[in-house]
Amino acid sequence: LRSGKTSLFQGGVKVVSFVTGGFVPESARSTTETGLMFHVDAPTTLAALGRARSLGDDGFDVWDAVISGAASPRQEVPLAVDFSLFTELAGKVMGSCCGGVGHLNALIQGKWKLISGRSESQDGYTSIAPYEVTPTDSEDYVMSRGQKVWLFDIDADPEERHNVATANKDVVHAMQHRLRELGDKSNGYLDPQPNWLQLRSIPSLHNGSWAPFLNDDEVLAESDFEDVIV
């Protein structure tokens with residue numbers, strides 16, 4: 001797949017998961033399900049199996065898809081929704097060298113996958129034996145509404161080699177509109193928490209290991225962001 005960890009390309013977001021145990025029916029063993037599933041679907045599915053109420057409404061019960069090959073109820077996966085000013089400014093600073101300009105947003109809807117703004121990380125394809133990185137054409141994006149965009153049909157093109165944004169501008173605009181809906185603060189959107197280092201977590205304070213710095217009864221305060229390493 002394209003790219004890897006920290007990237008919004010498939011190599012950075014698609015993972016393999018396993019379901020096992022005596023509760024899995026014999027008919028489902030050694031089968032593969034390729035429908036869309038998201039991490040928030042796991043607790044919802046487990047709650048449904050235990051006949052308990054899920055604590056949120058973001059997930060779907062995907063048990064039928066797992067055990068019987070039914071169509072997944074999930075048709076949309078928001079991979080990244082980040083409209084924060086910090087991310088936009090970082091995109092302007094790093095855009096010329098680090099995968100795009102603008103915000104950090106990506107969305108899958110059915111067969112379509114849109115990356116809008118920055119893709120993050122180094123682009124390319126990695127082989128395992130021998131280990132080699134083959135770079136891609138860094139100019140394969142197109143511009144749409146001030147953002148660099150990539151649109152892929154991931155059913156037909158799972159390796160994301162063909163950006164089809166130009167031929168499907170209506171899809172691009174609709175998915176960018178959906179991202180803006182997801183990033184609307186009136187709909188409950190909050191900017192991501194800063195991913196900064198905390199001095200109280202450094203290994204020299206914790207026997208050589210990075211470690212949590214809060215006790216069970218502590219709450220992170222705004223003042224804690226003052227002692228950060230940027």
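**Figure 1. Residue classes in the lining of the largest pocket of the predicted model.** Nonpolar residues number 24 in this lining, alongside 14 polar and seven charged residues. In total, 45 residues line the pocket, and the space within it comes to about 1500 Å³.

**Figure 2. Centre of the largest pocket.** Of the lining residues, those nearest the centre are Val15, Ser17, Glu33, Gly35 and Met37.

**Figure 3. Secondary-structure elements that contribute to the lining of the largest pocket.** Two or more lining residues come from each of α1 (10–13), α2 (41–49), α3 (63–68) and β1 (76–80). Helix α2 provides the largest share, with five residues.

**Figure 4. Order of helices and strands along the protein.** The protein contains five helices and nine strands. Its elements begin at the N terminus with α-α-α-β-α, continue with β-β-β-β-β-β, and end with α-β-β. The elements that give two or more residues to the pocket lining are α1, α2, α3 and β1.

**Figure 5. Burial, surface and contacts of the protein.** Of the 230 residues in the protein, 32% are buried. The accessible surface amounts to about 14800 Å², and carbon and sulfur atoms account for 55% of this area. Where contacts link residues at least 6 apart in sequence, 57% of them join residues at least 24 apart.

Methods
Residues numbered from 1 in each chain as written. Predicted model: local features only at pLDDT ≥ 70, side-chain atom pairs only at ≥ 80, totals over all residues. Heavy atoms only, no water. Helix = DSSP H or I, 4+ residues; strand = E, 2+ residues; numbered from the N terminus. Buried < 20%, exposed > 50% of the residue type's maximum accessible area, 1.4 Å probe, protein only. Contact = heavy atoms within 4.5 Å. Areas by Shrake-Rupley, 256 points an atom, 1.4 Å probe, with all protein chains shown as cover. 1 Å grid on protein atoms, 1.4 Å probe; cavity = no way out; pocket = protein on both sides within 12 Å on 5 of 7 lines; lining within 4 Å. Points joined across faces, edges and corners; volume = space filled by probe spheres on them. Nonpolar A, V, L, I, M, F, W, Y, C, P; charged D, E, K, R; others polar.
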